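Work through the exercises below with the model open. Each task is followed by a stepwise solution.

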Amino acid sequence: MKTHVSEPLCAQDPGRVLGRTAEIAVGWLRSLDRRPVRESATVGELRSRLGGPLPERSADPLAVVEDLARAAEPGLVAIPSGRYFGFVIGGGLPAAVAADWLTTIWDQCAGPYVCGPAASVAEEVAGAWLGQLLGLPPHVSFAFVPGCQTAHLTCLAAARQHVLRVAGWDVEERGLAGSPPLRVLVGAQRHASVDRALRFLGIGRAGLTVVPADGAARMRAGRLREALAGGDGPAIICAQAGEVNTGAFDDLDAIADVAAEVGAWLHIDGAFGLWAAASPALRHLVSGAGRADSWAFDTHKWLNVPYDSGLAYCAHPDAHRAAISVFADYLVLGGPGEPREPMDWTPAFSRRARGFAVYAALKSLGRQGVADLVDRTCAHARAFAAGLAGLPGCELLTEVVINQVLFRFGDDETTDRVLRRVVESGEAWLSGTTFGGRRAIRLSVCNWQTSEDDIARALGAFRAAVTACLFSWSRRRAVPPGPASPDAFGSGWRPVPARAAVESTRRRLGTWWAPRSSKPVSAALRRWRVRFPSASAELRERALGAAGADARCGGLGRPVRTGLEHPFMIRPPRPAWRPPRRRPGGPAPRCGCSAMSSRRRRARASCAGSPGPPRRPGPGWPRCACPRAA
Ligand SMILES: Cc1ncc(COP(=O)(O)O)c(C=O)c1O
């Protein structure tokens, strides 16, 4: 059997493998609109597709790639799709993706300058551009890291070094044992990656002072001041620009004031929120951010650079370098022209040349393009929230600050069920969370590809999920029977999409006009055999209100905007009456007629021999005495 391991890629026909890989990649990208956003295979299926014994022999690289693509395909989540709204995840800008491919092909080791001169300079340039774009001070140092988690680690290592040095302690030399106690103040709604970075640095949970947050998940600056007033010594404050659920921003100016008063190091977790600084319309949200001592954020989120890509910035390059740099005799560092040594700034030793993709993203978008990207995705988030607000039972938990929307439906169980249905539909992917002790759904719009169409499709998936869940929710709950209770509808009512209900009514009535009355719209709908399934009158009124329809329609011949997106109930037409069949040799069929009215005589007369459908029976009405009476 032919082996391939000794044959370098360049000695084979590189176009054979890479060309085919490009075809597979393009095929995947083109399939995004059609494929479900979620994966379609279970973990067991994926294990059996990808698993098996360790191969004993080498294989044709082309076959390996094709097999891998085939086996992995059902386990792929369509993250680059414009309808992926989970966590806080961007897509890949074409220029950034292509540069990332080149990074792999070039395979530079971006540790020491000598292993990747172009990589080092690309990082130098892109790092400076980013600093300008986000309004950071000109003298900052920076490091390209895998993500915000490692950026925290880098920044907080610099913070620890700096505040302890000011207190007369060399932590790099002596470690933490016996050092002056560090005061680390964090917000109650901080991201988990902050705690994790601090843990790596020897600062455990017990060493944290948690500053309470307000209802919108922002650190209370007043409480921070109080917490600091209780002691002295080296202090680090971790503030946040963009809370992961709500997108809320701490009051960075007020926090920077407090930090300045006590000489504390101010670190900002701006994983995605710091990008607000790139938009003139949103820049006010990060007012005061430039006064911080360190900043951590991602480029694989809002800049839409492929994973993994984040940055750490530090206003104290000496502390940054002292905390991170490394030396070994065999390393070749520095040289003519004083090159930037990535190794001095990043905690990794050998590393991927991440700067190329960031460089390409910034070059392809430019300052204006980044601002447009941020503004556009925020506008999509607002549009989504507006659409959601029109769905029955939807509760927006906070205002939309930037690109994050937080909402729920009815109770915890219904919220999770709606989310599950949407994800299972494959139309969109979002994740759940617990906020203020209640289950919620969080949506994040970060992808450069998300369009109005994507928002409409995702809203459609929610509408369908809510229609299904709300109806069964109303049934499950012991709702006292009332005009809006599904139980009051009696049998024969079924939920139908609003559009079908309205269309059906329109067909029956010709036009869809409001009656000349001041009765609630729902009463009018009921008269026309269209009903809301909402469990409560309040829900119904909210649904109508959100749809833009007056809950009361008193206008003269005014068209009622019913909000086609709302679920309605419609009763299917009664089955057509058929004259009873006479069995051969049997008695004459009895009349199906229950044509009773107060004017019995007329009813009797009308049914005598006429094979029409029975008249409407009423409870307790006398039965017809005619031979056709049931
Ligand atoms: C506010 C915040 N901080 C930190 C992180 C961690 O970022 P990464 O996953 O890139 O390490 C996230 C991730 O979503 C985040 O939202």
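**Exercise 1: positive phi outside glycine**

D107 is exposed, with 10 other C-beta atoms within 10 Å. The model is predicted; local features need pLDDT of at least 70, side-chain atom pairs count only at pLDDT 80 or more, and totals for chains, interfaces and linings use all residues. Residues are numbered from 1 along each chain as its sequence is written.

Task: place D107 in the chain and state its phi.

Step 1. The class rests on a count of other C-beta atoms, placed from the backbone, within 10 Å of the residue's own: 20 or more is buried, 12 or fewer exposed, and in between partly exposed.
Step 2. D107 is found in the loop between α4 and α5 (117-133); helices are DSSP runs of H or I with at least four residues, strands are runs of E with at least two, and both are numbered from the N terminus.
Step 3. Although D107 is not a glycine, its phi is positive, about 50 degrees.

Task: is F87 buried, exposed or partly exposed?

Step 1. F87 sits in the loop between α3 (61-72) and α4 (94-106).
Step 2. Its phi is also positive, near 40 degrees.
Step 3. F87 has 15 C-beta neighbours inside 10 Å and so counts as partly exposed.

**Exercise 2: a cis peptide**

Task: find the loop that holds D308 and describe the peptide bond from Y307 to D308.

Step 1. D308 belongs to the loop between β6 (294-298) and β7 (310-314).
Step 2. The bond is cis, with omega near -10 degrees.

**Exercise 3: a helix pair**

Task: how do the axes of α6 and α11 cross?

Step 1. Axes are lines fitted to C-alpha atoms, for helices over the stretch in contact, and angles run from 0 to 180 degrees between N-to-C directions.
Step 2. The axes of α6 (residues 148-166) and α11 (residues 317-324) come within 8 Å and cross at roughly 105 degrees.
Step 3. Therefore α6 is roughly perpendicular to α11, a label that covers 65 to 115 degrees.
Step 4. On the α6 side, T154, A157, A158, Q161 and H162 meet A319, H320, A322, A323 and I324 of α11; contact requires C-beta atoms, placed from the backbone, within 7 Å.

**Exercise 4: an open helix**

Task: how many residues of α2 are buried?

Step 1. Of the 8 residues of α2 (residues 43-50), the number buried is 0, so the helix lies largely in the open.
Step 2. G52 follows α2 and has a positive phi, near 115 degrees.

Key
Angles under 35 degrees count as roughly parallel, over 145 as roughly antiparallel, 65 to 115 as roughly perpendicular and the rest as oblique. Two residues are in contact if their C-beta atoms, placed from the backbone, lie within 7 Å.
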